[in-house]
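Open the structure in your viewer and keep the selection prompt handy. Each stop below says what to pick and what sits there.

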Amino acid sequence: MALSLEEFVHSLDLRTLPRVLEIQSGIYFEGSVYEMFGNECCLSTGEVIKITGLKIKKIIAEICEHIEGSESPQPFELPMNFPGLFKIVADKTPYLTMDEIIRTIHIGSSRLGHPCFYHQKDMKLENLFIKQGEKIMLNSVEEINGEIMVNCGIVRNHQNHSFTLPLSQEGEFYECEDERIYTLKEIVEWKIPKNRTRTVKLTDFSNKWDLPNPFPEGFYGALILKPVYEIQGVMKFQKNIVRILPSLDVEVKDITDSYDANWFLQLLSTQDLSEMTSKEFPIVAEVIEAPQGSQLLASILQPGKTIVIHQKYQASRILASEIRSHFPKRHFLIPTSYKGKFKRRPREFPTAYDLEIAKSEKEPLHVVATKAFHPRHEELSSVSVGDQFLVHHSQTTEVLSEGVKKVVNVLACEKILKKSYEAALLPLYMEGGFVEVIHDKKQYQISELCAQFHLPFNVKVSVRDLFIEEDILAATPGLRLEEAITDSYLLISDFANPTECWEIPVSRSNMTVQLVNNLSQDTGSSLVKTLIEEITEEQYYMMRRYESSFLHPPPRPPKHPSVEEAKPPLLSIAEERTVGLPKSPKSLHVDISKKLHSHQDGLDSKVPVGCQNALADLEKERSKSGATAVAEMFKNEKH
């Protein structure tokens, strides 16, 4: 039966792709050539096309609420790279079967691919009783004994209980409320059900975007996102991928079951390759579409080039950011095989809680205060600018508050005096400012840094990697090693030189290849080369922010009524805690004895000589932006 292209897309089950369509009729003359996004294809009656994918081309946004003093807003296109953050509003329309959920919701191995639902009534399964409203997480879909089943899980008393549901499972399944924050790209890829709209709330907007904000000033409300799809396919005997809007006025007929798909070239995306089983590698493929905007292996990943894809696997990278005061900062993924060497650079800590996170058993954390703090309880220690501390451990202590004893989380430290040490208790909620004092002159490999110290960690390249042609890290003023991540990679090589292999990231390489054949012969031992990958601000933020959801600073106490100054809120890890901190500080090495607990004769009780030199460097950096107030305070302390 012939359907309009739009009707076909509406009824399409993405799990059944690819599909072969025959053009039945349309407004185009037979044999006419229609140009679609730079690709020409023939849409004559009787022509066939293999549909390989359905992607969201653009998003139309519509503001839900009336904004006082303005006209009713019209729908507008929201750029796919819009740097806003959104919270998803749960869909109030129920799904009536598990099959309906699977056909419309993206479920996958990604951390975003595990949607949660609840059932309107109690559900009695063979070995489990699920209560009304209990959160059910959908983890994956697989075939079990010839039947497609959905692997699910519920959490009770911090224990996970797994079970399966058949696609035929009926009921009223509703989306659970989702407290996570998403980028527009994540919503587009994972959180817009097929044939449904998605209501979201704008929660934040980056002011680093060059284009004007499409929303009214001060708007942080609800809006409806309506996807506009495009069909991706390939014509018979053609290599180019064509992209067609579903609104194209043609009628089509699905002839998949009666047509030999071998007439079409077999095109695979990077994602398709990553979903192949390990036994299917190695394979020989021809590059059809090279990764756009990528400088990785430009000489190998060219259209028409024949490559060998040896295997897929997980590899570790260190996520790092350039230390500089102004935007844009550069961000990198550094392989653990990087051969360059690093020297430590001082870290900056805006709160006592940051000191608690950064302390290590390898060595005492030695810091100098850059901001004064006066506690409200006499049991706690005050801090003056220039005070030095050795950080030990966290503990609890009792304080007297309005005649009532209360327990407070504190950081036990030693305050370094002129010739002695004094015990100090700093509340974890303390908003101060500290700069690390470095005594370590050693040069480290990146693997040594990750093994011996807690991330995040500040370093500077002291010896570049001599095994790569251009070490882009060597030119940076400093690097903040933020966290170790694991990502999916494909191991590829030039067909003419299969022994020299390179890793390419699956999620950041939008490459399309044509499968030529499987490579049965052994390629022998290979030399695996890795590259330092520079990533975009959006890619960095999407990686970095997940860690912040697992680290929660201790609650801040209520302000004392006499305190009038407005204190800045604790900065989230995703924001890198950089506001109000010095720009790229120079080395703060302090020339004191390696044995920190020895007496330090001849040092000023307020600011030791070594720290004065370090703070002079800090002042130079601050003066570039006019922020010299702290440095002046240090000068006054000196005198």
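Where is the place of T370? Select it: T370 is in the loop between β27 (365-369) and β28 (388-401). One note before moving on: this is a predicted model.

**Stop 1: T370 and its surroundings**

Colour T370 by accessibility. T370 has a relative accessible area of 11%. That is under 20%, so T370 counts as buried. Now add Q388 to the selection. Along the sequence, T370 and Q388 are 18 residues apart. Draw a line between their C-alpha atoms and the distance reads 9.7 Å.

Step back into strand β27 and pick V367. Is V367 buried or exposed? Its relative accessibility is 0%, so V367 counts as buried. Next, select E348, which is 19 residues from V367 along the chain. The C-alpha atoms of V367 and E348 are separated by 8.9 Å.

**Stop 2: the sheet that holds β27**

Show the strands as ribbons. In which order do the strands of this open sheet run? The order is β26-β31-β27-β28-β29-β30, 6 strands with antiparallel pairing. Go to the edges: β26 (348-351) and β30 (421-427) each pair on one side only. Look along the sheet for the twist, which averages 40° from one strand to the next.

Zoom in on the β30 edge. Strand β29 (residues 404-416) pairs with β30 in the antiparallel sense, over 7 bridges. Select A412 and L425 together: A412 stands opposite L425 in β30.

**Stop 3: β25 and its partners**

Select residues 341-344, strand β25. Which residues are on the covered face, and which on the uncovered one? F342 and R344 make up the covered face. K341 and K343 make up the uncovered one.

Add residues 457-463, strand β33. β25 and β33 pair in the antiparallel sense over 4 bridges. Pick K343 and look across into β33: its bridge partner there is K460.

Now add residues 443-444, strand β32. β32 and β25 run antiparallel, joined by 2 bridges. K343 is again the residue to click, since it stands opposite Q443 in β32.

**Stop 4: another open sheet**

Move to the strands in the order β8-β15-β9-β12-β13-β14. These 6 strands form an open sheet, and the pairing is antiparallel. Why is one side of β8 (95-97) and of β14 (159-166) left without a neighbour in the sheet? Both stand at the edges and each has a single partner strand, so one side of each has no neighbour there. Neighbouring strands of this sheet are turned by 45° against each other on average, direction ignored.

Inside this sheet, select strand β9 (residues 116-119) and strand β15 (residues 170-175). They run antiparallel and are joined by 3 bridges. Click F117: E175 in β15 stands opposite.

**Stop 5: cysteines**

Select the cysteine sulfurs. How many disulfides does the structure hold? The count is 0. C176 is in no disulfide, and its nearest cysteine sulfur, that of C116, is 5.6 Å away. C176 has 12% relative accessibility and so counts as buried. Compare C450, which is partly exposed with a relative accessible area of 29%.

**Stop 6: the second largest pocket**

Switch on a pocket surface. The second largest pocket has a volume of about 630 Å³. It is lined by 30 residues, and the closest to its centre are H114, C116, K135, M137 and D178. Select β12 (136-144), β13 (147-156) and α3 (184-191): each supplies at least two residues of the lining. The largest share, 3 residues, comes from β13. Colour the lining by class to find 15 nonpolar, 5 polar and 10 charged residues.

**Stop 7: the second largest cavity**

Finish with the enclosed spaces. There are 4 cavities of 30 Å³ or more. The second largest cavity holds about 50 Å³ of space. Which residues line the second largest cavity? Select L5, L21, I23, L43, I49, I244, L248, V250 and V252. The elements that give two or more residues to this lining are β2 (19-26) and β20 (250-254). By class, the lining has 9 nonpolar residues, no polar and no charged.

Methods
Residues are numbered from 1 along each chain as its sequence is written. This is a predicted model: local features need pLDDT of at least 70, side-chain atom pairs count only at pLDDT 80 or more; totals for chains, interfaces and linings use all residues. Side-chain values use heavy atoms; hydrogens and water are left out. Buried means under 20% relative accessible area, exposed over 50%, partly exposed in between (1.4 Å probe, protein chains only). Two strands pair if DSSP finds at least two bridges between them. On a 1 Å grid over the protein atoms alone, a cavity is a set of points where a 1.4 Å probe fits but cannot get out, and a pocket is an open set with protein on both sides within 12 Å along at least five of seven lines; lining residues have an atom within 4 Å of a point. Grid points are joined across faces, edges and corners, and a volume is the space filled by probe spheres set on the points. Ala, Val, Leu, Ile, Met, Phe, Trp, Tyr, Cys and Pro count as nonpolar, Asp, Glu, Lys and Arg as charged, and the others, Gly among them, as polar. Axes are lines fitted to C-alpha atoms, for helices over the stretch in contact, and angles run from 0 to 180 degrees between N-to-C directions. A disulfide is a pair of cysteine sulfur atoms within 2.5 Å.
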